[in-house]
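Trainee: Could we go through this structure together, one question at a time?

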Amino acid sequence: MQETIIFSGTIIGEGQRVECEVRAIKTTLVGDPPLVSGYWIVESDVTDGLPDGNYELLVNRERTRFSRNAGQFLSRPY
């Protein structure tokens with residue numbers, strides 16, 4: 001079963017540290033622990049003010065690298 005969940009995260013980079021909302025997909029299979037994947041940053045007035053550059057998203061004790069280019073968030077490989 002898959003469902004969309006929303007929770008808090010922190011964006012760090014380019015001299016910024018802001019709290020944000022994150023949307024993800026939670027997949028639950030019978031007998032297995034839930035798997036959360038596919039993180040998306042929810043756009044807000046706070047995130048709209050971030051300059052283009054390289055960032056990390058801290059969520060659920062994990063770090064995800066991404067960049068902001070022309071006002072859009074794009075994932076980056078490690």
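Trainee: Which residues does Leu50 touch, not counting those up to four places away in sequence?

Mentor: Before that, a word on the source: this is a predicted model, where local features need pLDDT of at least 70, side-chain atom pairs count only at pLDDT 80 or more, and totals for chains, interfaces and linings use all residues. Residues are numbered from 1 along each chain as its sequence is written, and side-chain values use heavy atoms, with hydrogens and water left out. Contact here means heavy atoms within 4.5 Å. With residues up to four places away in sequence left out, Leu50 touches Ile11, Gln16, Val18, Tyr55, Arg68 and Phe73.

Trainee: Leu50 also turns up in the largest nonpolar core, so to speak. Which element gives the largest share of this core?

Mentor: A nonpolar core is a set of buried Ala, Val, Leu, Ile, Met, Phe, Trp, Tyr and Cys residues joined through side-chain atoms within 4.5 Å, and buried means under 20% relative accessible area (exposed is over 50%, partly exposed in between; 1.4 Å probe, protein chains only). This core has 13 residues, and Ile11, Cys20, Ile41, Leu50, Leu57 and Phe66 touch the most other members. Two or more residues come from each of E1, E2 and strand E4 (53-59), strands being DSSP runs of E with at least two residues, numbered from the N terminus. The largest share, 4 residues, comes from E2.

Trainee: How many bridges pair E1 with E2?

Mentor: Two strands pair if DSSP finds at least two bridges between them. One link to look for is Ile12, whose bridge partner in E2 is Arg17. The two strands form a hairpin with 2 residues between them. They run antiparallel, and the number of bridges is 12.

Trainee: What is odd about the phi of Glu14, and is Glu14 buried or partly exposed?

Mentor: Most residues other than glycine have a negative phi. Glu14, in the loop between strand E1 (2-13) and strand E2 (16-27), has a positive value near 50°. Its relative accessible area is 43%, so Glu14 counts as partly exposed.

Trainee: And where is Ala70, and what is its relative accessible area?

Mentor: Ala70 sits in the loop between E5 and E6. Its phi is positive too, about 55°, although Ala70 is not a glycine. Ala70 is exposed, with a relative accessible area of 67%.

Trainee: Which residue in E3 is the bridge partner of Ile25?

Mentor: Start with the strands: E2 and E3 pair in the antiparallel sense over 5 bridges. Within E3, the partner of Ile25 is Ser37.
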